[in-house]
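Here is a guided look at one structure, from its backbone details to its metal site and its pocket. Keep the 3D view open as you read along.

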Amino acid sequence: MAKLKILIQGNPILKKKAKAVKKVTKDHQKLIDDMVETMIVAPGVGLAAPQVGVSERIIVVLVEGQLYCVVNPKIIKKSGKIACYEGCLSVPLVEAPVERFKSICIKGMDKFGKPITINAQDLLSVVFQHEIDHLDGILFVERVKDPSLIRLKDQKEEIII
Ligand code: NI
């Protein structure tokens, strides 16, 4: 495994809509392993392929000790509302509250190309939505309703995604 360079806001790759993966290859599996290492070292609780310069629909998430690697994640059900302070490895220095769905159901593929379905609530749901936004070229700061709530990072409270 290798640690990858994380792109920072301003890089055009972060604004692109990432392409769906047609077939999960060995190269994708290596990318996923490298993304997991990069996320853990950062440290963060989620990482999307465009953040490491690959415009393909792949995310990794690590919440409450559980690791999720999802290829072509798609939200098929959503309900409720939740808002918490989010940060992002690609948007250094700031954090802000973002309104998200409290519960979602995601379909996609695992790192071996096998179909998977994940039900996510609360923090896990927030992290998945943040990562899927990255695949659509959306950074969390663009979803902040009240810009006056954008503040400098407070490591104690924020979730770095
Ligand atoms: Ni992020």
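D122 is partly exposed, because its relative accessible area of 33% lies between the limits of under 20% for buried and over 50% for exposed. You will find D122 in helix α2, and its phi is positive, at about 50°, although the residue is not a glycine. This is a predicted model, so please read each value here as a computed one.

E64 also has a positive phi of about 50° without being a glycine. Its setting is the loop between β2 (58–63) and β3. With a relative accessibility of 76%, E64 counts as exposed, because the cut-off for that class is over 50%. As background, most residues other than glycine have a negative phi, and most peptide bonds are trans. On the second point, have a look at the bond from A42 to P43: this peptide bond is cis, with omega near -10°. P43 belongs to the loop between α1 (26–41) and β1 (46–48).

While you are at α1, note E37, which is in this helix. E37 is partly exposed, as its relative accessible area is 23%. The three residues with a stated accessibility are set out here.

| Residue | Place | Relative accessibility | Class |
|---|---|---|---|
| E37 | helix α1 | 23% | partly exposed |
| E64 | loop between β2 and β3 | 76% | exposed |
| D122 | helix α2 | 33% | partly exposed |

E37 can also be placed relative to I13: the two residues are 24 apart along the chain, and 21 Å separates their C-alpha atoms.

Now to the metal. Which residues coordinate the nickel ion? The donors are SG of C88, NE2 of H130 and NE2 of H134, at 2.1 to 2.3 Å. Along the sequence, these donor residues follow the spacing C-x41-H-x3-H. C88 and H134 link distant parts of the chain, being 46 residues apart, with C88 in strand β4 (residues 82–88) and H134 in helix α2 (residues 122–135). Both C88 and H134 are buried.

Helix α2 takes part in an aromatic contact as well. The structure holds one aromatic pair. Its rings belong to Y68 and F128, with centres 5.5 Å apart and planes at 70°, so the pair is edge-to-face. This pair, too, links distant parts of the chain: Y68 is in strand β3 (residues 66–79) and F128 is in helix α2, 60 residues apart. Are these two residues buried or exposed? Both Y68 and F128 are buried. Another ring to look at is that of Y85, where R151 lies over the face at 3.6 Å from the ring centre.

Finally, turn to the largest pocket, which has a volume of about 320 Å³. Residues I75, K78, K81, E99, R100, F101, Q129, I132, D133, D136, R143 and K145 line this pocket. Two or more lining residues come from each of β3, β5 (91–100) and α2. Which element gives the most to the lining? That is α2, with three residues. By type, the lining divides into eight charged residues, three nonpolar and one polar.

If you keep one element in view, helix α2 is a good choice: H134 of the nickel site is in this helix, F128 of the aromatic pair is there too, and α2 gives the most to the lining of the largest pocket.

Conventions:
Residues are numbered from 1 along each chain as its sequence is written. This is a predicted model: local features need pLDDT of at least 70, side-chain atom pairs count only at pLDDT 80 or more; totals for chains, interfaces and linings use all residues. Side-chain values use heavy atoms; hydrogens and water are left out. Donors are N, O and S atoms within 2.8 Å of the metal (3.2 Å for Na, K and Ca); water is not among the atoms, so sites may look incomplete. Helices (H or I, at least four residues) and strands (E, at least two) are DSSP runs, numbered from the N terminus. Buried means under 20% relative accessible area, exposed over 50%, partly exposed in between (1.4 Å probe, protein chains only). Rings of Phe, Tyr and Trp (its six-membered ring) pair if their centres lie within 6.5 Å; planes under 30 degrees apart count as stacked, over 60 as edge-to-face and the rest as tilted. A charge sits over a ring if NZ of Lys or CZ of Arg is within 6 Å of the ring centre and within 35 degrees of the ring normal. On a 1 Å grid over the protein atoms alone, a cavity is a set of points where a 1.4 Å probe fits but cannot get out, and a pocket is an open set with protein on both sides within 12 Å along at least five of seven lines; lining residues have an atom within 4 Å of a point. Grid points are joined across faces, edges and corners, and a volume is the space filled by probe spheres set on the points. Ala, Val, Leu, Ile, Met, Phe, Trp, Tyr, Cys and Pro count as nonpolar, Asp, Glu, Lys and Arg as charged, and the others, Gly among them, as polar.
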